[in-house]
Amino acid sequence: MDIRFQSKTAIVTGAAQGIGRAITHGLAERGADVWACDIDKTGLQRTFATATPQAQSPIHTSITDVTSKDAVNRLVSQASKVSGRVDILIHVAGGVVGQVGQPVEKVTEDQWQAIFDVNLKGAFLFSQALAPLMKKAGYGKILGGVDAAGGPQANTDRNDPVCDDKPE
Ligand SMILES: NC(=O)c1ccc[n+]([C@@H]2O[C@H](COP(=O)([O-])OP(=O)(O)OC[C@H]3O[C@@H](n4cnc5c(N)ncnc54)[C@H](O)[C@@H]3O)[C@@H](O)[C@H]2O)c1
């Protein structure tokens, strides 16, 4: 299946590595104008540098912390002004925010909050900033929920009997 994104503009969060980088490359290769954002400047530069020459031209990189309302609003406003529209958001930033498996009783409130802020608050802030534009345009796609914070590498260790999610 050959899906094209000509004349579409997309914002990809968490674009400095992994899944976000791959999605950035894939969208740009298929014709989208892509705003790739992350807090990791070096990773973002690498995302740009490792794109194919044809994909490099439509990639814009932006240092944006998805937990900051001001930063999110700034990016949406810039993308909409420069590219003329924002059609797609793919919210990849998130995951376990650098934390590794540990029993639930060792998880601090700050660690718990950090996971929620990137995964959920980030999605909320972008949705809030983009909804008016997408409603006005009569078109918009918001994709999120690629989070695996409930997975085996998350704070709540699967080996902890209290948190055991293995089938009986
Ligand atoms: N890797 C997998 O096998 C897998 C499987 C299923 C789901 N997922 C989920 O998909 C998402 C991406 O996975 P990944 O492996 O590419 O993750 P990753 O950890 O490699 O990348 C996450 C990116 O988010 C960025 N980020 C963190 N906090 C940020 C913030 N406040 N503002 C902006 N950017 C921020 C990081 O700098 C990083 O570049 C995660 O939510 C993960 O849980 C991953």
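Modeller: The expected span of a helix is 1.5 Å times one less than its number of residues. The structure discussed here is a predicted model, and helix α1 (18–29) offers a case for that rule.

Colleague: How do you know that the reach of α1 is close to what is expected?

Modeller: Helix α1 has twelve residues, for which 16 Å is expected at 1.5 Å a residue. From the first C-alpha of α1 to its last, the reach is 17 Å, and this is close to the expected value.

Colleague: Where does α1 stand among the elements of the chain?

Modeller: The order from the N terminus is β-α-β-α-α-β-α-β-α-β, with five helices and five strands in the protein chain. Helix α1 is thus placed between β1 (9–13) and β2 (33–38).

Colleague: Which residues of α1 are buried, and what do they pack against?

Modeller: A residue counts as buried if 20 or more other C-beta atoms lie within 10 Å of its own. In α1, Gly 20, Arg 21, Ile 23, Thr 24, His 25, Leu 27 and Ala 28 are buried. Their partners are β1, β2, α2 (41–49), α3 (53–56), β3 (59–63) and β4. In the protein chain, buried residues make up 34% of the 168 residues.

Colleague: Why is Ser 7 called exposed?

Modeller: The cut-off for an exposed residue is 12 or fewer neighbours. Ser 7 has 12 C-beta neighbours inside 10 Å, and therefore counts as exposed. Ser 7 lies in the segment before β1.

Colleague: What makes the phi of Ser 7 notable?

Modeller: Most residues other than glycine have a negative phi. Ser 7 is not a glycine, although its phi is positive, at about 65°. Gly 31, just after α1, also has a positive phi, of about 105°.

Colleague: Why is Phe 5 called partly exposed?

Modeller: Phe 5 has 19 other C-beta atoms within 10 Å. Partly exposed residues lie between the limits of 12 and 20, so Phe 5 is partly exposed. Phe 5 is also in the segment before β1, and it touches Ala 10, Leu 27, Arg 30, Gly 31 and Ala 32, leaving aside residues up to four places away in sequence. Its C-alpha atom is separated by 8.9 Å from that of Glu 29, which is 24 residues apart from Phe 5 along the chain.

Colleague: What makes up the largest nonpolar core?

Modeller: This core has 36 residues, and those with the most contacts inside it are Ala 10, Ile 11, Val 12, Val 34 and Ala 36. The elements that give two or more residues to the core include β1, α1 and β2, while α5 gives the most, with seven residues. Val 12 touches, among others beyond four places in sequence, Ile 23, Leu 27, Val 34 and Ile 90.

Colleague: What is the hand of the crossing of α4 and α5, and how do these helices pack?

Modeller: The crossing of α4 and α5 is right-handed. Helix α4 (residues 69–83) and helix α5 (residues 109–137) pack at about 35°, with their axes 9 Å apart. On the α4 side, Lys 69, Val 72, Asn 73, Val 76 and Ser 80 meet Leu 125, Phe 126, Ala 129, Leu 130 and Leu 133 of α5. These contact residues divide into seven nonpolar, two polar and one charged.

Technical notes: Residues are numbered from 1 along each chain as its sequence is written. This is a predicted model: local features need pLDDT of at least 70, side-chain atom pairs count only at pLDDT 80 or more; totals for chains, interfaces and linings use all residues. Axes are lines fitted to C-alpha atoms, for helices over the stretch in contact, and angles run from 0 to 180 degrees between N-to-C directions. Helices (H or I, at least four residues) and strands (E, at least two) are DSSP runs, numbered from the N terminus. A crossing is left-handed if the near helix is turned anticlockwise from the far one by less than a right angle, and right-handed if clockwise. Two residues are in contact if their C-beta atoms, placed from the backbone, lie within 7 Å. Ala, Val, Leu, Ile, Met, Phe, Trp, Tyr, Cys and Pro count as nonpolar, Asp, Glu, Lys and Arg as charged, and the others, Gly among them, as polar. A nonpolar core is a set of buried Ala, Val, Leu, Ile, Met, Phe, Trp, Tyr and Cys residues joined through C-beta atoms within 7 Å.
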